[in-house]
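Colleague: Please walk me through this model. I want its cavities, its rings and one loop residue.

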Amino acid sequence: MVWETVESNKDSNQIKVSKRANQDRESKQRTCICCLLILITLLVSALYVALLIIFRKHSCAMLTTTNNEVNLSLQTQTTHNEVNLSLQTQTTHIPISAQQRTVGSRGKSFVVLFMKYGYDATKSIYVTSENGVQINITTSPRLEASLKSITEKHMNIPSSQRIIIPQAMELQSFRVEYKAILIETSNDVFVISHDDGDRSVGSTTHIPLHKLSTKYIVITSIPIINSTSQLAVSAIKDNTLISIRFKMKQNLSLHIDGNRFYNGDVFKFSLNRFESYQIEHITDLTGTFVESSAKIAVFSGNDCNKLENFGGCDHLIEQLPPTDSVDKIYLVPPNSDDRQTVIRIIAIENANISYMIGEVTQTRYLRKLDYFNTLITSNETCYIKSEAPILVTAFGLHSKISKLGDPTMTIVPGINQYLNYYKIVVPSGYDHNYVSIMMKYSSKYFFRINGTVINTSDIVFEENLSVGNATYNVRSIRVEEGELRASTVNGERFGLMFAGVTYYEAYGFSGNSMLP
């Protein structure tokens with residue numbers, strides 16, 4: 001019995017020891033597993049941090065590479081705090097290089113229309129490329145065969161090219177025509193048209209097809225006797241329905257296809273791809289609203305007009321930016337050679353609008369599609385700010401002291417439509433050519449034309465505007481005809497407007513009238 005008891009106790013102790021050993025081993029295993037899991041977690045975290053650092057370094061390197069293509073020698077960063085009069089609005093500018101990607105008015109496809117002028121004129125299209133492109137100029141398959149054969153072209157453009165278009169491509173009013181000109185290029189280009197007659201010329205910057213839209217507001221001026229205001233449209237897709245709600249300065253009836261239209265009436269019609277239609281009237285059509293079922297190109301102006309009953313009569317034409325591409329803040333430079341400027345401000349929606357000329361600030365409330373005019377001399381700049389998008393157009397007048405210049409019409413670029421690089425052709429045949437620059441004062445000395453610092457003797461006007469916490473610099477600079485590259489070495493964006501004058505003749509166009 002004793003032996004059995006001892007043996008039993010012995011066996012029991014062995015079992016307890018064995019269990020304790022097993023428990024110890026399991027505890028150690030659990031500890032090892034926990035340690036292993038912690039180690040794996042630390043390794044994964046370390047790997048994540050390493051990848052994040054590499055990614056950030058790579059992103060910074062890409063950003064630096066992009067900026068270096070614009071920043072030629074200086075590495076300066078500027079914080080863009082938008083100016084304000086009574087409204088506190090801030091906009092963050094994203095650096096953009098037109099040399100790298102499609103921005104603003106640059107693109108690969110354009111529609112060009114030459115509105116009715118009524119006099120013999122040389123119709124030119126200027127195409128400017130950065131590094132050379134192939135270009136195709138085509139027209140509607142329904143265009144008359146002989147006219148089509150002399151209009152259509154295929155060529156290589158090493159840098160820039162002036163292309164002459166037949167006089168017969170000019171539009172006629174109140175008829176469906178096939179006179180839209182399609183320009184297609186292998187890389188991004190900048191396009192302007194120039195309709196130059198005897199002592200009269202009309203110019204406009206063209207908008208690429210991918211920036212076209214379905215809503216537009218017409219800008220014209222009050223015609224003189226025997227002249228008309230105009231608007232023209234072209235479709236880029238078949239079966240495009242177009243609706244035009246007329247707004248007339250004087251409620252004079254307009255006859256179209258046997259029907260009579262008054263202020264507020266709507267004219268509806270449809271066009272197929274690259275068909276065009278032009279309307280003309282003996283009163284101002286500013287505020288007329290154009291809407292379509294698909295993207296269209298819209299142009300407006302006057303066949304020939306003498307503004308303020310002074311000087312001669314000039315052709316006015318602008319391709320209109322869509323209502324969804326206009327801005328709220330504008331700087332309007334003066335015209336040179338003692339030419340005053342009528343500024344027309346039209347509301348896209350109901351808006352309170354402040355504008356400053358010199359030290360005087362005024363405020364106006366505009367209802368949708370209403371407008372007002374203000375006037376600046378050749379020594380003044382106008383700053384405009386609205387709580388809602390507005391469209392601003394500058395009408396240059398004839399010189400008060402010489403026979404230089406005549407009426408011009410130019411869509412003004414808004415501050416958020418500025419770019420940091422432009423390459424544009426300055427037309428030939430003018431006594432004086434000017435480029436007006438609107439930019440932050442802090443970047444004034446970083447501006448270059450054709451890679452060169454501006455010669456002070458070429459500056460014909462300069463003014464600094466302090467608005468809110470920001471100061472802007474506006475300069476008008478005399479330039480030579482031919483290719484012009486404008487840029488900033490620190491990547492700062494700026495506005496650009498061109499003008500040229502000769503005996504009873506002037507042109508004007510902007511470097512961009514679209515949001516980037």
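Below are short questions, each with a worked answer.

Colleague: How is the chain numbered, and what kind of model is this?

Modeller: Residues are numbered from 1 along each chain as its sequence is written. Local features need pLDDT of at least 70, side-chain atom pairs count only at pLDDT 80 or more, totals for chains, interfaces and linings use all residues, side-chain values use heavy atoms without hydrogens or water, and the model is predicted.

Colleague: How many helices and strands are in the protein chain?

Modeller: Both are DSSP runs numbered from the N terminus: helices are H or I of at least four residues, strands are E of at least two. By that reading the protein chain has two helices and 31 strands.

Colleague: What share of the residues counts as buried?

Modeller: Buried means under 20% relative accessible area, exposed over 50%, and partly exposed in between, with a 1.4 Å probe and protein chains only. The protein chain has 516 residues, and the buried share is 54%.

Colleague: Among contacts between residues at least 6 apart in sequence, what share joins residues at least 24 apart?

Modeller: Contact means heavy atoms within 4.5 Å. For the protein chain, the share is 80%.

Colleague: Which element gives the largest share of the lining of the largest cavity?

Modeller: A cavity is a set of points on a 1 Å grid over the protein atoms alone where a 1.4 Å probe fits but cannot get out; lining residues have an atom within 4 Å of a point. The search finds four cavities of 30 Å³ or more, and the largest has a volume of about 190 Å³ (the space filled by probe spheres set on points joined across faces, edges and corners). Its lining has 21 residues, with Pro 334, Asn 335, Ser 436, Phe 498 and Ala 499 closest to the centre. Five residues, the largest share, come from β30.

Colleague: Which elements give two or more residues to the lining of the second largest pocket?

Modeller: A pocket is an open set with protein on both sides within 12 Å along at least five of seven lines. The second largest has a volume of about 260 Å³. It is lined by 16 residues, and Ser 221, Ile 222, Leu 307, Glu 308 and Arg 344 lie nearest its centre. The elements are β18 (341–347) and β21 (371–376).

Colleague: Why does the pair of Phe 269 and Tyr 277 get its class, and what is that class?

Modeller: Rings of Phe, Tyr and Trp (its six-membered ring) pair if their centres lie within 6.5 Å; planes under 30 degrees apart count as stacked, over 60 as edge-to-face and the rest as tilted. The count comes to twelve aromatic pairs. The centres of Phe 269 and Tyr 277 are 5.0 Å apart and their planes are at 40°, so this pair is tilted.

Colleague: Which ring has the charged end of Lys 368 over it?

Modeller: The rule asks for NZ of Lys or CZ of Arg within 6 Å of the ring centre and within 35 degrees of the ring normal. Arg 364 lies over the face of Phe 372, at 4.5 Å from the ring centre. For Lys 368 the distance is 5.9 Å, and the ring is that of Phe 289.

Colleague: Which residues does Asn 450 touch, not counting those up to four places away in sequence?

Modeller: Asn 450 lies in the loop between β26 (447–449) and β27 (459–467). At 43% relative accessible area, Asn 450 is partly exposed. Its C-alpha atom is 8.6 Å from that of Glu 483, 33 residues apart along the chain. Asn 450 touches Glu 483, Leu 484 and Arg 485.
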